[in-house]
Amino acid sequence: MTILVTGGAGFIGSNFVLDWLAQSDETVVNLDVLSYAGNLENLASLQGDARHVFVQGDICDRALVDRLLAEHQPRALVHFAAESHVDRSISGPGAFMRTNIEGTYTLLEASRQYWSGLNEEAKAAFRFHHVSTDEVYGSLGPQDPAFTETKTYEPNSPYSASKAASDHLVRAWHHTYGLPVLTTNCSNNYGPYHFPEKLIPLMIVNALAGKPLPVYGDGQQIRDWLYVTDHASAIRAVIAGGRVGETYNIGGWNEMANIDIVKTVCALLDELRPDPAGPYSRLITYVKDRPGHDRRYAIDARKVERELGWRPAETFASGIRKTVQWYLDHPDWVARVQSGAYRDWVSQQYGA
Ligand code: NAD
Ligand code: DAU
């Protein structure tokens with residue numbers, strides 16, 4: 001048995017691949033273009049492991065996707081590949097439209113063709129799992145109920161609009177063609193291998209370097225944080241038992257204001273790697289807000305719990321401690337990401 005994963009060298013995708021192969025012997029074919037966010041070094045522990053087949057390529061390349069489906073005959077496609085950083089979508093939305101919309105369309109069409117040619121048993125078993133985000137639902141007021149799966153879509157950034165478009169495509173391919181799809185809309189992830197341009201890893205690496213900790217606006221924006229391996233376990237649960245055509249919201253039941261996240265990171269660093277110059281919170285610097293910044297996200301994850309029995313295993317206290325410790329234990333990974341040397345990893349490790 002085989003699954004085809006897209007974007008498996010990114011933050012969540014690489015954690016998912018590692019988690020999947022720790023739980024099962026099912027081969028993972030990993031299609032990733034290795035954009036700035038893709039880092040094969042995350043998967044270094046799988047080197048020489050025949051269960052992991054890495055293919056560098058673009059999800060918009062229909063001929064390549066067709067070939068991989070025909071060659072490997074996967075029983076599921078798990079689609080992580082995306083442009084994922086809201087700030088980058090504001091400064092340059094084009095890549096988001098291409099990868100997130102056109103790329104998802106390409107995968108859907110290739111999957112539809114492949115799936116149509118399967119025998120009845122394989123056809124019934126096949127799943128197209130689309131990994132999406134809570135940002136498609138828009139921004140909540142302080143008293144609003146958390147997002148359920150029936151919340152109207154109100155995306156506010158080029159990133160969330162492109163993800164919303166991809167969710168609609170996935171829905172339509174099920175409704176019109178019967179493609180057996182599943183969609184998960186997840187809240188903010190954190191954990192190992194998180195690219196240090198996102199809030200939590202940026203705060204850790206800047207603090208350790210004695211650099212300012214940039215907090216947008218008043219720092220009171222709220223996100224719902226989930227440890228990344230809990231996201232991986234939720235996706236596994238949905239692939240195994242989710243009802244075809246349904247969406248499932250995934251979250252950590254853990255709403256926190258950004259400034260409290262930053263202070264928590266500072267306090268952990270004060271404990272684990274004290275700085276003789278004083279508490280890390282001295283580095284907190286309020287900066288210009290993100291344009292169109294969503295104020296609050298919160299996930300109501302009762303459906304996935306009710307139907308599939310999934311709940312996060314980590315609390316925020318346990319997950320953030322593991323995360324800070326991971327960054328302290330992996331200065332070389334951080335240094336290679338910051339210098340750009342991680343991009344040489346493929347040629348260094350695998351030759352031409
Ligand atoms: P990431 O930016 O760390 O990784 C994205 C991966 O996709 C990279 O490895 C990159 O090389 C690859 N990629 C980009 N364009 C590609 C293309 N055209 N063809 C093939 N591969 C391509 O992203 P992430 O944070 O790991 O997010 C993964 C998925 O989860 C995304 O779909 C994102 O929308 C979704 N998501 C992320 C979060 C979060 O908190 N990070 C939360 C909810 C949902
Ligand atoms: O909600 C899920 C989403 O979470 C995913 O769909 C996205 O792919 C993922 O990148 C993440 O988006 P955010 O915009 O919430 O993540 P980011 O880490 O960029 O920012 C988290 C919050 O912290 C947000 O309110 C902006 C703020 N922030 C971020 C940075 C990078 C700061 O205050 N300062 C910063 O320097």
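Hi everyone, let's begin with F16, which is buried, with a relative accessible area of 1%. Before I go on, please keep in mind that this is a predicted model.

So who keeps F16 company? F16 sits in helix 1, residues 11-23, and W20 lies in that helix too, four residues along, or about one turn of the helix. W20 also counts as buried, at 6% relative accessibility.

How do we talk about two rings like these? A pair of aromatic rings is described by the distance of the centres and the angle of the planes. For F16 and W20, the centres are 5.5 Å apart and the planes meet at 35°, so this pair is tilted; the tilted class takes in angles that are neither under 30 degrees nor over 60.

Now a second pair, Y105 and W173. Their ring centres are 5.9 Å apart with 85° between the planes, and that makes an edge-to-face pair. Here the partners come from distant parts of the chain: Y105 belongs to helix 4 (residues 94-116) and W173 to helix 6 (residues 158-177), with the two positions 68 residues apart. Are these two buried or partly exposed? Y105 is partly exposed, at 39% relative accessibility, while W173 is buried, at 11%.

Across the model, the count of aromatic pairs comes to 18. There is also an aromatic cluster, made up of Y137, F147, Y153 and Y297.

Some rings have a charged neighbour over the face. R88 lies over Y36, 3.4 Å from the ring centre, and K303 lies over Y248, at 4.8 Å from the ring centre.

Let's move to ligand 2. Which residues come nearest to ligand 2? There are 21 residues around it, and the nearest are T133, D134, Y159, R290 and H293. Two of those reach oxygen atoms of the ligand through polar side-chain atoms: T133 at 2.7 Å and Y159 at 2.6 Å. Y216 uses its backbone instead, with a polar atom 2.9 Å from an oxygen of ligand 2. Taken alone, ligand 2 exposes 690 Å², and the protein buries 94% of that.

Where does the shell come from? Helix 7 (199-208) and strand 8 (213-216) each give at least two residues, and strand 8 has the largest share, with three. By class, you'll find eight nonpolar, seven polar and six charged residues around ligand 2.

That's my tour, and thanks for listening!

How values were computed. Residues are numbered from 1 along each chain as its sequence is written. Chains are lettered from A and ligands numbered from 1 in the order in which they are written. This is a predicted model: local features need pLDDT of at least 70, side-chain atom pairs count only at pLDDT 80 or more; totals for chains, interfaces and linings use all residues. Side-chain values use heavy atoms; hydrogens and water are left out. A residue is near a molecule or strand if one of its heavy atoms lies within 4 Å of it. A polar contact is a pair of N or O atoms within 3.5 Å; within protein, one must be able to donate a hydrogen and the other to accept it, and residues adjacent in sequence count only if both atoms are side-chain atoms. Accessible areas come from the Shrake-Rupley method with a 1.4 Å probe; for residues, only the protein chains shown count as cover. Ala, Val, Leu, Ile, Met, Phe, Trp, Tyr, Cys and Pro count as nonpolar, Asp, Glu, Lys and Arg as charged, and the others, Gly among them, as polar. Rings of Phe, Tyr and Trp (its six-membered ring) pair if their centres lie within 6.5 Å; planes under 30 degrees apart count as stacked, over 60 as edge-to-face and the rest as tilted. Buried means under 20% relative accessible area, exposed over 50%, partly exposed in between (1.4 Å probe, protein chains only). A charge sits over a ring if NZ of Lys or CZ of Arg is within 6 Å of the ring centre and within 35 degrees of the ring normal.
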